[in-house]
Amino acid sequence: WQFNKQTQAGSVSLPMTSLDLQTFNARGGYLPEYGSPYSNLFMPFLTKSQLSNMVNQFSSRWFEYTMNEQNQEYWQWVGSSYKYHEYTGAAYVMVNATVFGKLNLTGGLRLENNIMQVSADTLDTKPTIDYTTGYVYYKTQTRTITNNNLAILPSLNATLYIKDNQNLRFAVSRTSHRQNFAELKPGAAVINYKDLEYTFGNPNLKPTYSVNLDLAYEYFWGNKGMFSVGTYYKNVTNHIFATSEADADPTTGIIYKSYQNSGKSWVWGAEAMIKRQFTFLPKFLSGLGVDANITYSISRMQVPGRPSKQPMAEQTPLLYNVALFYEKYGLSARIALNYTGAFLKELNLAAVTGLGLVHKDASFDVFMGKYYSLDAQVAYQFKKHFTVFVELNNLLDWPYFEYRGDPQRPIRVEYYRQKGQVGFKYQL
């Protein structure tokens with residue numbers, strides 16, 4: 001085993017046998033459920049002292065050509081070199097009127113102009129020869145794009161006061177979502193070594209626009225809480241989504257990624273919310289309460305190259321939060337359950353190796369799995385200025401879960417364990 005460092009002068013090797021090593025600590029065994037079949041296949045690790053002394057001990061053999069343009073490995077850093085400038089100017093006019101004493105109308109028009117200039121490095125397509133050393137390399141070039149968007153965003157909000165404690169709200173608006181600089185970046189790809197991904201920006205990416213309709217009913221219990229139920233619809237143009245394009249090399253599995261605009265898209269949803277303290281209950285029970293909301297939605301977008309529409313990327317169909325709380329006698333307690341349904345994260349438009357086909361459905365797309373979280377906190381205030389509290393988070397230890405097409409094909413599963421804190425607070 002050895003480390004190799006390529007330079008314009010040749011290869012410098014550092015054998016593993018010249019380093020201080022220690023055996024891999026499997027902490028009870030790797031995959032013991034399957035008989036630990038890999039127990040004899042782990043490479044040794046560097047000791048802590050060796051890691052600490054590595055740079056000082058071998059710097060004379062390493063540092064000279066690390067970021068030299070003639071280094072054969074220099075291309076790995078090129079895509080990570082970029083900068084951007086963004087300039088935004090906006091103007092807004094609003095008109096408010098009350099009709100018949102019960103209908104409030106608020107109309108507005110916002111003009112927003114955004115100029116984003118992004119510069120990024122890439123490699124020249126023609127090789128350069130250093131005739132002194134005979135070394136052949138590729139020079140870096142800087143590519144710059146300027147993206148100029150003028151967004152015209154009208155809106156109208158209407159509120160009908162049915163009674164003192166009941167409202168009916170309606171809104172229609174046009175909104176926009178600008179591309180971020182990483183999505184627009186020209187030039188070479190940003191390389192993610194952990195996931196073996198090359199991510200390119202798309203200088204031709206367009207901003208997203210949406211025409212929105214919202215309708216909601218609200219009911220108030222004075223200062224004790226409120227209830228609302230509503231529905232909404234969004235007609236979306238140029239929805240931005242992340243995509244995998246193709247394998248750069250079948251032997252390495254490195255994937256090309258970029259960003260695209262979809263065709264016409266839409267979202268319909270319904271939502272409800274309630275927050276209420278149960279003051280009608282007797283004595284100490286009157287401190288109990290509930291704080292909950294739920295959103296259900298259906299979405300569709302047209303993906304270039306696919307025959308039929310499919311759910312939009314980054315749009316979960318079901319989202320809800322339920323919390324029970326207690327507030328009385330200086331005691332404040334809360335336990336909350338949060339849920340996010342599985343949703344499409346990234347499309348896979350890569351060709352199927354050997355078949356020459358483009359993926360026509362979501363069977364190989366990347367999805368984010370459903371996620372639950374349960375948090376709890378308790379606080380007690382006494383003598384007006386003193387508070388002690390306990391907070392506990394991620395009690396379910398639900399995994400971060402990505403999969404390809406089907407939950408039976410996981411890509412990444414991560415657990416973060418529970419965490420908590422105990423504290424004391426003094427307020428002046």
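A residue counts as buried when its relative accessible area is under 20%, as exposed when over 50%, and as partly exposed in between (1.4 Å probe, protein chains only). By that yardstick Glu402 is buried, with a relative accessible area of 5%.

The structure above is a predicted model, in which local features need pLDDT of at least 70, side-chain atom pairs count only at pLDDT 80 or more, and totals for chains, interfaces and linings use all residues. Residues are numbered from 1 along each chain as its sequence is written, and side-chain values use heavy atoms, with hydrogens and water left out.

**The largest pocket**

Let's start with the open space. A pocket is an open set of points on a 1 Å grid over the protein atoms alone, where a 1.4 Å probe fits and protein lies on both sides within 12 Å along at least five of seven lines; lining residues have an atom within 4 Å of a point. The largest one holds about 380 Å³. Its lining is made of 17 residues, and Glu197, Lys257, Glu346, Val366 and Glu402 lie nearest the centre. Two or more lining residues come from each of β15 (240–249), β16 (254–261), β21 (343–348), β27 (400–404) and β28 (410–414). Strands here are DSSP runs (E, at least two residues), numbered from the N terminus. β15 gives the largest share of the lining, four residues. By class, nine lining residues are charged (Asp, Glu, Lys or Arg), seven are nonpolar and one is polar.

**Salt bridges**

Now to the charged pairs. A salt bridge is a side-chain nitrogen of Lys or Arg within 4 Å of a carboxyl oxygen of Asp or Glu, and the count comes to eleven. Three of them are set out here.

| Pair | Closest N and O atoms |
|---|---|
| Glu346 and Lys257 | 2.8 Å |
| Asp291 and Arg334 | 3.5 Å |
| Lys345 and Glu402 | 2.5 Å |

Glu346 in β21 and Lys257 in β16 are 89 residues apart, so this pair links distant parts of the chain. Both Glu346 and Lys257 are buried.

Asp291 belongs to β18 (residues 288–301) and Arg334 to β20 (residues 331–340), so their bridge ties together parts 43 residues apart in sequence. Asp291 counts as buried because its relative accessibility is 18%, while Arg334, at 33%, counts as partly exposed.

Lys345 in β21 and Glu402 in β27 link distant parts of the chain too, 57 residues apart. Lys345 is partly exposed, with a relative accessible area of 25%.

Elsewhere, Glu86, Arg110, Glu112 and Arg178 are joined into one network by salt bridges that share partners.

How values were computed:
Grid points are joined across faces, edges and corners, and a volume is the space filled by probe spheres set on the points.
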